[in-house]
Each structure stands twice: as structure tokens, then as C-alpha cells.
Number of protein chains: 4
Amino acid sequence: MSSVWSNRITISIFGESHGSAIGVTIDNLPAGEYIDMPEIVKFMSRRAARNKKISTARQEPDIPTILSGVYKDRTTGTPLCAIINNTNTHSADYSSISKLARPGHADYTGALRYNGFNDNRGGGHFSGRLTAPLCFAGAVCAQILERRGIYTGAHILSIKDVRDNRYSPLGITREHLISIRNKKFPVINDEKGEKMIETICAAKDAKDSVGGIIECIATGVPAGIGSPIFNGLENSISQIMFGIPAVKGIEFGAGFDCTTLMGSENNDEFYVNGEGHVVTKTNNHGGILGGISSGMPIICNVAFKPTPSIALQQDTVDYSAMKNEHINIKGRHDPCIVPRAVPCVEAAMNIAIMSHMLDYPNF
Amino acid sequence: MSSVWSNRITISIFGESHGSAIGVTIDNLPAGEYIDMPEIVKFMSRRAARNKKISTARQEPDIPTILSGVYKDRTTGTPLCAIINNTNTHSADYSSISKLARPGHADYTGALRYNGFNDNRGGGHFSGRLTAPLCFAGAVCAQILERRGIYTGAHILSIKDVRDNRYSPLGITREHLISIRNKKFPVINDEKGEKMIETICAAKDAKDSVGGIIECIATGVPAGIGSPIFNGLENSISQIMFGIPAVKGIEFGAGFDCTTLMGSENNDEFYVNGEGHVVTKTNNHGGILGGISSGMPIICNVAFKPTPSIALQQDTVDYSAMKNEHINIKGRHDPCIVPRAVPCVEAAMNIAIMSHMLDYPNF
Amino acid sequence: MSSVWSNRITISIFGESHGSAIGVTIDNLPAGEYIDMPEIVKFMSRRAARNKKISTARQEPDIPTILSGVYKDRTTGTPLCAIINNTNTHSADYSSISKLARPGHADYTGALRYNGFNDNRGGGHFSGRLTAPLCFAGAVCAQILERRGIYTGAHILSIKDVRDNRYSPLGITREHLISIRNKKFPVINDEKGEKMIETICAAKDAKDSVGGIIECIATGVPAGIGSPIFNGLENSISQIMFGIPAVKGIEFGAGFDCTTLMGSENNDEFYVNGEGHVVTKTNNHGGILGGISSGMPIICNVAFKPTPSIALQQDTVDYSAMKNEHINIKGRHDPCIVPRAVPCVEAAMNIAIMSHMLDYPNF
Amino acid sequence: MSSVWSNRITISIFGESHGSAIGVTIDNLPAGEYIDMPEIVKFMSRRAARNKKISTARQEPDIPTILSGVYKDRTTGTPLCAIINNTNTHSADYSSISKLARPGHADYTGALRYNGFNDNRGGGHFSGRLTAPLCFAGAVCAQILERRGIYTGAHILSIKDVRDNRYSPLGITREHLISIRNKKFPVINDEKGEKMIETICAAKDAKDSVGGIIECIATGVPAGIGSPIFNGLENSISQIMFGIPAVKGIEFGAGFDCTTLMGSENNDEFYVNGEGHVVTKTNNHGGILGGISSGMPIICNVAFKPTPSIALQQDTVDYSAMKNEHINIKGRHDPCIVPRAVPCVEAAMNIAIMSHMLDYPNF
């Protein structure tokens, strides 16, 4: 199934960028969970462009409408469906390029996959807009998890070659994560953030684009959730994360860097801390061993490619006529999608953890 | 499910390192496919230690026995089950550490997950030994794919900080991949390979270990397989790849490096080549756009952490007594598992592609 | 998952009887299929009450709105979501009984399952109203199947002890099935139909209700679809069919009656007919052998219990207070739901066959 | 997937009748459950022919070998795989009919489904022999359930037109079920049992066969397990039950008979009993309302067709040559498979309930 993620909860995403509505159905949520709609809207609004300097994207309110699964503000336990109407669609922007494959986009591969019948206006079902229902689902999961002491936060780790400081992977708290979440540009070191914004503006001025890395951390996940082989936390998180357009890589804990460490450096030694809990002295494993949470913060980095839509002229093909052409992409495009992808990464993490938490005794 | 991967084919892996046998059931393979057992054994033998200088691991013949699903050397279309008997188990090596959590291993997290009832001898179901049935499944898929012109090859890209040359991601051929596959130490540049071996030997002498990166390439995958959002090639490949113990990261195409490129550099422009096919001038996208194959080689890098079992003394906890202890791991352990992981990475790739190919018209 | 059926297509149903909308998402439909909305509305209208004499149920237009997955009247191949707004909800009718378990309903079991948080107005997610999205999905599948020569028709076989004639299970044609479908009261023998209507009216007058059996036939299904053991046609059809409220039994071909036949009577002998096709002389197997279609008409009977909502006073419990009570159910209820269930049974059959047909070569 | 049933536990069955071994992998069983192998063997031995008078079937010990998932006699929580070697295969018996479609068997449909590559010796993967691993899985589940007070028992309700008495569906106890289970011919009324045996013997003498109905009851299932729409108990139970060859119908509670009752007769009124539990006065609903258990005994009837293998000559086709032929089936065949199917029906019920019980709080 293209758009169904099925584990202990099922997330079924539907919609096209320029159709009448997009949405998501979440099946198997626990019953009786309070749903705080203003908080959900706030979560989703982080996906909207906050900074006009670096975003030219369409501004839609993206207010979700819950059709089912919530009664008297609590989950019913039966499927929760929410839709988001598409109000601000400028199809004219796209009509001129409908037969030209935009480089870096799924126009060509999507046309092959669906024999040309997919709705390719604005990327259709491949559009980044489909991350709005993902964020809705993630925001719902976040509320349920937070009541169990689990808190997820993501922030921009790098834009192009500007890299933020990192947390110590050991002492991250919910409060750290919230303080960054509330920033307009979610980085740890605001000076680095300024440089990132400059980098994005420069790309915009050059009719070009940039990418970056988002770090995502989940605190409070109890030790012992997940499973070996195919249903570990890394399997699930990565499977969902690659559902966000433009993601090209993911790593957990020290990730690719751990390949340059000695085993004695990379191994995280265990000890019993003052409170009688088993913890590790370092956290190169990113909170996951054998697919299962260790009780340490869960940490992953997600790589986003530069926005494929750029204003510079590019070479491409007309895939219906099979001939070489040039393309000049018009319309509204962010020079960098990383800032808006931050809540999407959190959402993916929340969904994965929520699903695995249902296996936790006495959830 | 911990050990079932279910897409168009289902792979169900079972077994523990020191149980009587391990194995795999593959459901929904096409019927009538010739199964070349010597080729499968050859594929699997690449998982065994080839180079005694860098490997101290147990040497088991790992000859799979097919119990079902093959009749007169051809797949029946009904479930194919194969088992591999565990013949060379030295449980005594592990008995002394049975209550101590080996750093970097799943002893502690596994004990929590299964309330201490899992078979933790030699890592049990978490053992790297469970990649043998994965390789079997991958070898079966490889044979079926090769008849459709699809060929997958993996090689060692780096060991610690020694990095091999890379192919051009454009012109990779089946012949290139085979020539490397046949090497005793599968790298492109053999001089680099020598340095890698030296690095591994040095780690071994220091009672330590090292990790590295494996690059995997699939050629001949037709454009148009995969799906958007949750069932793209990246989702599937990564979900299986994290089933290989010690994997901590995966990236496709330019991967994390693409985050430092401008959009105009990273975008792969399309053109119609001399044979009338749509191809791209560069291959930063790693053959996948919107989760769907573009027809270009599929490329991914997989990061392996250093072998967690090292001979150096480490601090840890006795998780039954909840007290701090030291641990000295004895037994046979490779100072680097990367060389033996090469066919495992191929296997994961083959399984994912095989599954998606079943959606391809006229497969 | 409670409300997701996942095979080669995934059907995800959502909504509650008195919520704002109900709907369904269908994932993995083939792309490029023409969707005839007037035909879908017509299919769904058969679920609405046609005969005021025997139906007091709420009359809602039940016009589905397609939110995604259809573009220029053709399926895009990406998820097709349709919703049906709930316009005519009389919650007041139900308020008086909200804590009393209606006998034969899921009020009590649903309250236990969801800790009392489910929306129990009008049965909530358990309501027969949720068969509207099922019918939508079935109507979509019917159109796709009909283009491949597959046609499904259901009709009322019995109401209480009034039993209709049966087709010969051998010579059923699409034309037969259509002629019955177009009847206001879909039976073969209209005189029997009149008696059935009388039976229903008598039940209504007695403030009571009756049930019956629906026979469903699919013609034109090619031989060779389905699979052994758990994924046969019988497994799939029955799994979906029990998703229709009030279904308490299903049988294929001669079904329970075959238990009274000798093997020599029940076995359907094969022969090559004049057109060179393998057919059977009788069709006690109902078109399915070993879970796989034989090319003969697929036949099943589905048993519906009498409408549990009756106007007669009944004993029951107040399950919040845990004390014995009486209940007088008010509101609109059909004295027999069988006539309105006919298209639901067809829909379930269509969905199952559509899903299995995707495995058929050159579908 | 043909042979994978996936819910909260996954059952993956493999093997062919005349291959080297058949088996099953059970994934996601709770860890730490004691496995009583002699009890499992005893359960499975009920599948073997007990009564030589009515059975000519091959007598194999069918001792399962556990390959994984059990350590120190307890489940590890990781996949449990067991195999049963095929020791007593008389392929010669079948060689003469390999191209003739045995009426009532899946020879023809299986050959189409798998392009003739399936192993059709003795029915291959379609063989009733594949119910041995099903029984193994059911026996494992039975042990785990029994510790939670859940007990399942099946018995022969009818053979051809000889019908046994029925229990009252209200007061069935574990003791009743055990007392019948221990009978050589599991019926309630032994005189009826004698007549059934006579009927079977008569069929055997006539070179013919008979079928019958098995009733299966589960006691002690707590109220509140199961789910609405597609994941109810009826959906799950029926989906597995049709995995037993020769099953052609299933009904729950009053089943097809409820279609002839008035609603006021069929509705099961609730009351609070002396112990303060909510129970029903009758049990026409078979313990399931809205797909969810009510706490009353779960009751279903399963219809088995007469053994399709009969010694009488039959007409059929040679499906490779596409011409009409006669067939004389030799070899060992039971004149009635119903007695040996009793534990299979129990097994299917146990697997379904076990799976749903994992959703029960504090399981």
C-alpha cells in the first residue's frame, strides 16, 4: 500500500495537493484520550511558513476538521479521521510545466508508476503538502505520549554547511526541547541560526535552494519498547521518516560518525545511576540497542535535500514527447524546506513511538 | 511482529544463535523460478569469514536445507522455507557473562523486552547469525531478479577512516559489480583494501574493533517501481536494512552530503539519451524519486558500528542484581563485521526490490 | 486494526452514525479507471430504504463526496477517499437509552472494549450506517471488475421461513443478475417476494423484526485467483462479510447442505465443454476449490439475524449502574434489514474479488 | 500472502504433503509461557486417525520438533518455529493421477494459480496434512489461554444426516468440554456417535464419503475482546477456519437458524446475575456482539464437505491435455475427515482468540 503505515496503529494518508482536501485516518488509538485541538493546530502551524524572508510558500490556515473518532473531546477508540481542505490552489502556476519532468521531483517516476493518470498538479500525492496530515497524526500521538512522560523535539542541526551546536546526547530534558520548539527558527545557538537564515536568503537571491539536517530527540521513552530484526524502533522510524518528501538519509545516535570510532569509543558503558536506574555513560547508540529502547534519549538525524523546485532554468525532458527541453519553474517555492520540515520529523517520530508504546505493559 | 517483513513478499525469520536451527520462510515468490542451490550456498558463504587474519568468528558451513516451496529445482509458488542447523555452538564461552549487559549489545534491552525469558546465549534472536537466513532469502531473490536484468552488488566503502574510491554513480554495470563481488576483500581500489585490512588487524591487536560503511548498488531496476509516502523504495530498503544488527544509518544517493549542495547542484537533470531512454546527467537521487525508481542505478550507503564485542575490559551492570560490574568478553568475535556484512546488505536490497518488482506490469 | 481490511487493496472505514461524516479510503486501486459517479450513487441508493411499507429508516441521500484519488473522472492510483455527510441525525431518539444495553446490539460489548469512551449515539462506529462507505468501495470495485467481464449480483434468498427459488448454480449470467438487481424487491420469484414483504409487514405490525438470507453470485471470475490456506477467496470474502452488522453465518456453494451429501454427490465432476473450457457438471463447490476460483460462478449465502432494534419492551441491564432494567427502543428502525443489505453483500464480494484480481496476470 | 495469517500474532505455515517437512512459525507470542510438549503431542495426536474402522489414512507419529522460540521449556517471545517431518509418503499412489484433476480437490485450480509448478503430490500445500502445523500452533495457544481461564472444545455435531444433541449454549463448562475431548469419538450422545460411525462405515463400504458439522465452543473468554467492522472475532475466526481444507461454511450462535426467528426470539436479553455479572438469558449471539466478546460462551459451527477423494470412478479432465477422462483415485483416504478435523477447528479458534486476547488489558 502506498500510503498506509501499519503497525500497532495504522496511519492512512490520502489527498492530492490541488484536490479538494487531504487527510488522514488513524486506527487503533487508545480510547478516552483528551484531544486538545488548539495544541494540534499550534503543532501544525509550525509546518506553515513562519518567516516570510525565507519562505514564499503558500499560506494556508491548515485547520484540520475531525470527522470521526473524537467524541466530547476524547478519542473514541474507533478510527480518527481528519481532513484539511485545500483552499489556496493556484493550478495555473503549474499548467505550463505539466509535461516537463521537474528535476528532483517525482513527476517522471510518478507518471510511469501510474501510467500518467496521477494528479500531477503541484506534485499531487507526492507533494510536501501531504505532510500536513502526517503532522496532524503526529500531533495527536504527541499529546497521548506526553501524558506518559514522553516528549519529542526536533530542531535544525544544519543548513548547507552551517552547523548548529549539539546537545549532549545524555542530559537532554523536556524543557530544553520545549524552549527550542518555541523559537521562530528552532536551533540551539541563535547566532548559528542567523547564519543559516542568511544562507537560505542567499540561495533565494540566487534563484537556488539549500538543504540541511534535522535532529530529532525523544525523551522519556521507557526502556524495553521495540523488537528485534524487522520491527525495531529504527526500522519503524526510518520507514515513516522516508515518507517525508526530500528525506535522503537517516542515522541514529552517532550514526555514520560511529563508523570512524573504535569499538571501545563507540560502546556505551552501562552503569547504575544514583536513582538506581541503568543508564549509559555516553549515548552513541541513540537510545536504541537491538531495535529496542534503552531508556536513554532516542536520537536521530534526518537529511533533507535542497528544495528541488528552483527558479533557475534547468535541462529536462518532456516525458510525453520523449524529447529534451528546458524548464523554468514558476510558482511559490521555499528556498529551503528544512525549517518547515521540523514538525514533520517530530510527527514521524511520535507516530513510531506511539505505535510501539502500545506493546508496553500497562501503557 | 518482530521478525516478519511483509510487503508483496513476506519474509519470516526465526531462530536463536544457539538453538537447534535458524531459518526463514518466504511467502509469495513467483512460481516456476529455477533455484540454483550452489549459487545460493556461494552467496551465503560470502557471509562466512574468508580471511582468517581479520576474522576469528566461528566457521560453520551454513548449508541451508530447503524444507518446502521448491520442487524439481523450481519454486512452487507456495511458501519456501529453509533452515540452517546450528552445529558449532560454544555456549560455555557465554555462560560467564549471562547476567552482565555487554555494552553495545541488546542483552539489557532484550531482557527487558522479554522479561528475561529470551534465549540470550550468543545474543539469541538478536545475534548477527540471524543474517544467515536473511542472506538465503536475498540470494533467492537475486536469482529471480537477475533473470529480469537486475543485479545488485555491495562493497566496502570505508573501514574506520580509510575510504575507498567510489564508482561513478552513472555508469555502473553488472560486470563492475561482479568483478568486485569475486574479490576476497570486496573493494574497488585494492590498495585501499590493504589499508583497511591493516586497520582491522590493528584493532584486533588492540583488543578493539572498528566499523565502516558499505555501499550497495542495484542496476537494471526498471523505472516506475515503488510508491509514494510509506511504501517507497527508500522506506522498504531502510526498514529491512535496519534488520541487520549494527546498522546505525542509511542514505540514498548523495545522502547526507546532498545537504551541503545547492539545489542546482543536487538536482539531477533529465535527458533523452542516444538510445531514446530518459536518464539523468548525475545521480544524486540514487535512482529513487518520490519513492519510485527512475531507471538510474539505485545507490545506498549503510553505516555499521564497530563490533560491540571487544576483548578490552569494560564497565557495565549486572542487570539482574542491578549493580555495577566489569566485563571481559571472551569467545570468538570479529574485530570488524563489515566484510561479512556485505552480502547481508545485498540481500536486504534484493528482498526489497524483489517485493516491489511484483507490482511491475508483466513482471 | 478494527476498521482496516488489508489485502492487495486496503479499505479503511471511518465514522460514527451521528458524527459529522463517515467515509472510506481505498488504497492501491489501479490507475486510470473511469469512475462513473451516477452509477455509484445508484449502487448506494439501493442501500437506502426503497419501500416505505417495510422501512421506517432514516432517508438520507447518501451522496458521496470524493476527496482524493480521482482526477478527470479517472482513478489516479493514489488513495481514493470519499466521505458521506451525516445530515439527518436524531440524537434525541437515542438519549433515553444511552446507558441501557440494547439486546442484540454492541452497546454493552462496545462500552467494555472502549472503556465507555466510544460514541454510542445510534450505534456509533458499530452502526449499520457504516455500510454506506463499504457500498461506496464496493461500487467502485464493481465498475473496475465489470470492465474485465466480472459481474456480481445479490438477491434475497429468504425472509424468515419464506424461501425464494434458486438459480441453477451453473447457468447464471450477468443478464439474470442485472434483471434482479433492477427489481424494487430483489428476488427471483416475485410471488415469493410478495410473501416476504407480507412477513416483514407482519413483523412490523407486531413491533417485532425478522431476518433472512442473501445469496450472492459473482460471474466471470477467471479460474486461478485466490490462494491456499489463509488467503483464499473464502477467507477474504468471509472476513469482509462479517464486517456487515447482523451477519451471523456464511456458506459457499452447497455450504451446510453439502454436509448431508455423499462425496459422489457433492464432488463436481470436471469436463471440457464445447468451447474448450474446463467446467464442472454441478457447482456444489461454489466456484472455489482450495481457496482458488475454478471459473464457475462464485456463490455464497449470508445469514442476517432479525433487526435487533424492536419496539417491544425487553429486559436488559443498565451497564453503568449494573442493575436490571427494561428497555423500550424508540426511533426509526427497519423491521428487516435484509432488503437494504443486498448491495452491502455485493460490495463485500466485489472488494474481495477486486483485491484478488490484482494478482491475476495481465489484469 | 497465501499462508500467513497476521493479526496480533502471526502464523506462517509452510510445507507440502510429500516434501521433507511441514511446519509453522508463530510470531509475537508472549514471553515466559511454559510449553508442555507432551500436551501438544497429545493435542496433535487427536488429528491422527484414532479409529481404524473409519480411517485408512496414513499413520504418522507427527511429532513436532521445535527449532526456535522455546528455551528452558518457556517461550522466549521471539518467533517459535516447529517442524514436522514427513516420513510416510507414498508418492507412487499419486503418480498415476498427476495430470487428472481430482474432483473436489484443488489440483486444477492450483495448477492454474501456480502455472503448473506447484508440488501436487498428495495435494502439496493444499493437503489436509498442512493442518498439522495449524494444530501445533493452536495447541500452543490453548496452553497459554488455559492459564487465563479460557478453554476451547470442539465436537462432532453431525455426520451426514445423523445429528448429535447440543449443549445448552448457556451453561457449558470447561469440564463438559474436557469430558468430550477425551472420548475416542467426540460427541455428546454416544448412541448418536455410534450411528455416525455406522454412517461413515457405510460410506466407506460404498467407496464413497460423507461430511458433517463440527461445533466449537470457547468458554471463559472475557467480555470486551475483538473489534468492530473488519477485526471482529467472527472475521478472524472465519478467516482462519476457511484455512482448513473442506470447510464450506461457518455460523456463529444461532447462525443460519436465526434467520427464521423473530427479533424478539433471537435477541438475547441481558441481566445481572447473582454474582453481579452481566450475562444473557439465551445465547443466540454465540458470545459475540459487534465483533466483540460478550462474556458468554463463544459458539460456532463449521461445515465440512464429504472427503473429495473417493474410490468410485469419476469423470474428470486431464488439464494438461485438455481432454475428458475418467479417474480412479487410489491410495489412503478417510471416508470422512470430520473426526480428524475436530482438533483443527479448536486450533483455529484458539489462534484467533489468543491473538485478540493480546489486546486485553492486563493480559
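In this predicted model, strand 11 of chain D, residues 247-252, pairs with strand 16 of chain D, residues 298-304. The two strands run in the antiparallel sense, and five bridges join them. Within this pairing, D:Val247 stands opposite D:Phe304 of strand 16.

A helix also packs on the sheet here: helix 7 of chain D, residues 233-241. Helix 7 touches strand 11 and strand 16 of chain D, together with strand 11 of chain C. The direction of helix 7 makes about 160° with that of strand 11 of chain D.

The wider sheet may now be considered. It is an open sheet of 10 strands with antiparallel pairing, in the order 9(C)-8(C)-10(C)-16(C)-11(C)-11(D)-16(D)-10(D)-8(D)-9(D). Which strands stand at the edges? They are strand 9 of chain C and strand 9 of chain D, each comprising residues 162-163. Each has a single partner strand, so one side of each is left without a neighbour in the sheet.

Another helix of chain D, helix 5 (residues 174-181), lies across strand 8 (151-159) and strand 10 (212-219) of chain D. Helix 5 runs at about 55° to strand 8.

Attention may next turn to chains A and B. Strand 11 of chain A and strand 11 of chain B, residues 247-252 in each, pair in the antiparallel sense over three bridges. A:Gly249 stands opposite B:Glu251 in strand 11 of chain B. As for contacts between these chains, 91 residues of chain A are in contact with 91 residues of chain B. On the side of chain A that touches chain B, 42 residues are nonpolar, 37 polar and 12 charged.

Technical notes: Residues numbered from 1 in each chain as written. Chains lettered and ligands numbered in written order. Predicted model: local features only at pLDDT ≥ 70, side-chain atom pairs only at ≥ 80, totals over all residues. Contact = placed C-beta atoms within 7 Å. Nonpolar A, V, L, I, M, F, W, Y, C, P; charged D, E, K, R; others polar. Pairing = 2+ DSSP bridges. Helix = DSSP H or I, 4+ residues; strand = E, 2+ residues; numbered from the N terminus. Axes fitted to C-alpha atoms, helices over the stretch in contact; angles between N-to-C directions.
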